[in-house]
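User: I'd like to learn how to read aromatic rings and their neighbours in a model. Can we walk through one together?

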Amino acid sequence: MSPHDVVITGIGLVSSLGEGPDAHWQKLVRPGLEPVLEATRFSPYTVHPLPEIDWNLQIAKRGDQRQMETWQRLGTYAAGLALDDAGIKGNEELCATMDMVVAAGGGERDEAVDADILAASESRNDRDVLLNEKLTTELRPTLFLAQLSNLLAGNISIVHKVTGSSRTFMGEEGAGVAAVETAAARIRSGQSTHILVGGAFQTEHSDMLLGYELAGYLHRGPWKPVWQRQGAEGGGVVTGSGGAFLVLEQREHATSRGRKIYAELGPVVSGRAKRRLGELDAGIATLLKQAAKPNGELLAISGASGAHAATAAEKSAFDANPAIAARGFSTLTGHMKEAQFPFAVALAALAVDRKAAYPAFDAVAEKSFSGIPKTVLATAIGYHQFEGLALVNAAD
């Protein structure tokens, strides 16, 4: 135990299952929990939709809400939940000295304007003039600015007054891994005492689904659990809307203000295997060695997306380590892209804090876990690229 240990003192979660760590824990420990699905709105694709959210609870000003896209409101809301949970929200001194690392996508497109431009281009040849016309008449400056990935961090700063240093990573699951990895490294080195880290993803927008489907990644047809999509029509990914933020602190900083510690964040490791050369299996095995997983039975909170190649490689790695009992939470939440790894770390922290394992989310493909989890593995093997994992340990 070291004063510079990285500990988790705040958790903010939103998914189709609800909001907050307690709501997620109560549902996820319920054997045989059925996922919340939306199968008609984007048919033939299924998504896990957001629950009803009262944005006013974390974003008090309607003006702030209006200028944000849904994914930004979602991230700002989840960040507020984490700050509340850590006892930091509203504390001007702590917020002013708090750093932030965010994993974000590129924003949502205005589909109505896109359709209007395409329709107009069918009857005009001066398309450069057409685009300039639409840019000046259809796209407001505020709407354009809302597409910038670092606007999520900006909105969190405005709404929650978190005004220390800020970094934003882009790159799907890899962004979430890099965000957590960077935040942990800053705390271990003494560069930061407390950091807000996380991300959000809103899938209920057809251009978000388009990004997956252009490369053939989306699962089609009847829904299946994440480990059972091999050989099914489509690419295996079922997406979900959600957000996950964590408050990470130096242990001495957390104890000095008397805060509850959920868990200690151990090694966070990442890689980018050359998948076209068949190096993913070896890459995952290397990460497991780098993390120095403990001997004995080990619970793994897997961010597996269902993408055929990536999920098969992760399943193979688990099968090669019989002591690992995996829980693929995307079965119940869907794949949340940038928020996937912070979400996995949060669920791992809840397991060691509550001293109990999650039951199998897929009774066919997942092993039982009989002990009390003192260390839990959190993984995010990117559906397309980038791999990362972390060990989450009991607080003491």
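Analyst: Sure, let's begin with a charge over a ring: Lys260 lies over the face of Tyr262, 4.9 Å from the ring centre. The general idea is that NZ of Lys or CZ of Arg must be within 6 Å of the ring centre and within 35 degrees of the ring normal. Arg73 does likewise over the face of Trp55, at 5.4 Å from the ring centre.

Keep in mind that this is a predicted model, where local features need pLDDT of at least 70 and side-chain atom pairs count only at pLDDT 80 or more. Residues are numbered from 1 along each chain as its sequence is written, and side-chain values use heavy atoms, leaving out hydrogens and water.

User: How many aromatic pairs does the structure hold?

Analyst: Eight. Rings of Phe, Tyr and Trp (its six-membered ring) pair if their centres lie within 6.5 Å; planes under 30 degrees apart are stacked, over 60 edge-to-face, and the rest tilted. Take Phe201 and Tyr212: their planes sit at 70 degrees with centres 6.3 Å apart, so this pair is edge-to-face.

User: Which parts of the chain does that pair link?

Analyst: Distant ones: Phe201 is in strand S6 (residues 194-201) and Tyr212 in helix H10 (residues 206-213), eleven residues apart. Helices (H or I, at least four residues) and strands (E, at least two) are DSSP runs, numbered from the N terminus. Ring pairs also join Phe201 and Tyr212 with Tyr217 and Tyr383 in a cluster.

User: Are Phe201 and Tyr212 buried or exposed?

Analyst: Both are buried, meaning under 20% relative accessible area (1.4 Å probe, protein chains only); exposed is over 50%, partly exposed in between.
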